Structure formats: C-alpha cells, structure tokens
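Here is a short tour of a protein with its ligand, written for someone who likes to think at the bench. Have the model open as you read.

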Amino acid sequence: MKKLQRGILITFEGLDGSGKTTVIQQVQAHFGQSLVTQEPGGSSLGQAVRAIVHNPESNLDYTAEYLLFAAARAQHIKEVIRPALAAKKIILCDRMGDSSLAYQGYGRGVDLEHIKKINEWVMAGIQPDLTFYIDIDHADARARIHARGELTSFEQEKYDFFERVLQGYTTIFQHAAHVKKIDGSQSPEAVAANVIRELALYLEEVWS
Ligand code: TYD
C-alpha cells in the first residue's frame with residue numbers, strides 16, 4: 001500500500017449551507033485512511049465552546065467570541081492535529097483559522113490583525129497544506145440551511161452578516177496559492193468529485 005511521506009492538513013471553508021460536511025464525508029469515503037475533524041467541535045473543549053457560542057443567552061462580546069474559538073483551536077491543534085500529522089495522516093478539517101477571519105473579522109468587525117496574530121500563535125507553526133473553499137452565493141446557502149430545519153444562532157444571523165463573511169472569504173483567499181476555490185452551486189456529489197480530483201493531484205506529489 002502507498003504511504004504518505006508526511007501528514008497533510010486539509011481544511012474546508014465556506015458559508016453555513018455550502019455543503020462542506022457532505023463533501024468531507026464523500027472525500028473520506030474515497031480516500032480512506034483519513035481523519036475527519038472540525039472546529040470548533042473537534043476536541044472536548046471545542047464541544048463546550050460550540051455549546052456556548054451557539055447559545056443566544058451567552059450574549060457574547062465579539063472579541064470574547066473570537067477568543068473562545070481561538071481557545072478551541074489551540075486545544076484542537078494540540079489534541080488532534082499535531083498527533084495526526086505526526087502519524088502521517090490525511091486530516092480533513094471542517095473549518096479552521098480562516099473561519100475566524102471571515103466570521104469574526106469581516107462578519108463581526110473584530111480587529112483583523114489581532115485575529116491573524118492570535119491564530120498564528122494558537123496554531124503554533126501549523127498551517128493548512130491545502131484549503132478547499134466551497135464558494136456558494138448567499139441565496140443558495142440560505143435555501144439549503146432552511147431546508148435542513150432548525151437554525152443555529154450563526155445561521156439566524158442577518159443577510160448583511162453573511163454578505164460580509166462572503167466578502168471576507170473572497171478577500172482573504174484572493175492571492176492564496178494553497179486555496180482551491182470550488183464552485184459550490186453544483187450538487188454536493190459534483191462538488192465532492194471536483195475536490196477528489198484536485199486532492200488526488202496534490203497527493204500524487206506526497207506519496208512515497
Ligand atoms: P457548527 O454547527 O459547529 O459547524 P458547521 O456549521 O460548520 O457545520 O457551527 C460552527 C459555526 O461557528 C459556523 O456558523 C461558523 C462559526 N465559526 C466562527 O464564527 N468562527 C470560527 O472560527 C469557527 C471555527 C466557526
């Protein structure tokens with residue numbers, strides 16, 4: 001069996017309703033041997049953070065909200081990401097630092113430079129090897145969220161918020177060589193097929 005020379009960290013970013021979760025499941029089914037994880041929920045601390053940020057009664061200050069995501073990220077890096085990289089796994093991670101830049105930075109207006117610095121600090125030198133940005137327009141994303149049923153507190157945010165998040169993703173991914181933009185308006189199967197094709201090309205170079 002072919003082996004990876006090193007661990008690979010792949011992140012998936014996009015609006016709520018972009019279909020990331022289904023796509024990740026299909027990518028995992030295709031490649032096997034991969035570890036699926038997510039932020040904020042990928043560690044026990046992350047699950048506690050997820051409950052707090054999704055609870056409207058938390059009435060969070062936006063900086064506090066960011067710092068909770070950052071704390072979950074620090075724990076996730078230590079508990080899940082670093083050991084999986086050391087074990088030479090393919091890690092498929094649903095959201096990471098770029099979600100904070102898009103949602104807390106562009107969406108909420110938290111200072112972008114602080115977010116960049118703290119993200120770097122909590123990620124302790126680890127960066128995604130590859131990021132798939134599932135690009136979907138706001139109306140499509142909304143329709144999918146509504147079809148799913150009950151909405152989380154983020155999903156209940158107003159139209160303007162998601163427009164800013166979308167603008168944020170476009171801006172931060174504009175000149176990023178490790179980011180592959182995938183058209184998210186197609187069916188999740190078609191999106192997954194695109195991601196699988198791109199990932200297979202990338203992995204060609206890192207199999208031994
Ligand atoms: P969750 O239900 O855990 O996952 P998802 O919606 O991605 O399947 O919700 C996570 C929410 O938190 C999602 O709306 C995006 C938001 N979020 C941030 O605002 N900042 C962050 O740094 C991360 C990781 C997520």
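A polar contact here is a pair of N or O atoms within 3.5 Å. With that cut-off in mind, look at Gln 104: one of its polar side-chain atoms lies 2.7 Å from a nitrogen atom of the ligand, so the pair counts as a polar contact. Please keep in mind that this is a predicted model.

**Around the ligand**

Gln 104 has company. The ligand is surrounded by 14 residues, and those that come nearest are Asp 16, Arg 50, Arg 95, Ser 100 and Gln 104. The table sets out three side-chain contacts with the ligand.

| Residue | Ligand atom | Distance |
|---|---|---|
| Asp 16 | oxygen | 2.6 Å |
| Arg 95 | oxygen | 2.8 Å |
| Gln 104 | nitrogen | 2.7 Å |

How much of the ligand's accessible area does the protein cover? On its own the ligand has 540 Å² of accessible area, and the protein covers 91% of it. The space that the ligand takes is the largest pocket.

Which elements give two or more residues to the shell around the ligand? They are α2 (44–54), α3 (62–86) and α4 (97–107). Of the elements, α4 gives the most, with 4 residues. Sorted by class, the shell is made up of 6 charged, 4 polar and 4 nonpolar residues.

**Two backbone details**

Arg 95, which has a polar side-chain atom 2.8 Å from a ligand oxygen, is also worth a look for its backbone. Its phi is positive, at about 75°, although Arg 95 is not a glycine. You will find Arg 95 in the loop between β3 (90–94) and α4.

The other detail is a peptide bond: the one from Glu 39 to Pro 40 is cis, with omega near 10°. Pro 40 sits in the loop between β2 (34–38) and α2, and α2 is among the elements that give two or more residues to the ligand's shell.

**Aromatic pairs**

Now for the rings. The structure holds 9 aromatic pairs. One of them joins Tyr 103 and Phe 154: the ring centres are 6.0 Å apart and the planes meet at 75°, so the pair is edge-to-face. Where do the two partners lie? Tyr 103 is in helix α4, while Phe 154 is in the loop between α6 (138–148) and α7 (159–173), so the pair ties together parts that are 51 residues apart in sequence. Helix α4 thus turns up again here, having given 4 residues to the shell around the ligand.

How values were computed
Residues are numbered from 1 along each chain as its sequence is written. This is a predicted model: local features need pLDDT of at least 70, side-chain atom pairs count only at pLDDT 80 or more; totals for chains, interfaces and linings use all residues. Side-chain values use heavy atoms; hydrogens and water are left out. A residue is near a molecule or strand if one of its heavy atoms lies within 4 Å of it. A polar contact is a pair of N or O atoms within 3.5 Å; within protein, one must be able to donate a hydrogen and the other to accept it, and residues adjacent in sequence count only if both atoms are side-chain atoms. Accessible areas come from the Shrake-Rupley method with a 1.4 Å probe; for residues, only the protein chains shown count as cover. On a 1 Å grid over the protein atoms alone, a cavity is a set of points where a 1.4 Å probe fits but cannot get out, and a pocket is an open set with protein on both sides within 12 Å along at least five of seven lines; lining residues have an atom within 4 Å of a point. A molecule sits in a cavity or pocket if more than half of its atoms lie within 2 Å of its grid points. Ala, Val, Leu, Ile, Met, Phe, Trp, Tyr, Cys and Pro count as nonpolar, Asp, Glu, Lys and Arg as charged, and the others, Gly among them, as polar. Rings of Phe, Tyr and Trp (its six-membered ring) pair if their centres lie within 6.5 Å; planes under 30 degrees apart count as stacked, over 60 as edge-to-face and the rest as tilted.
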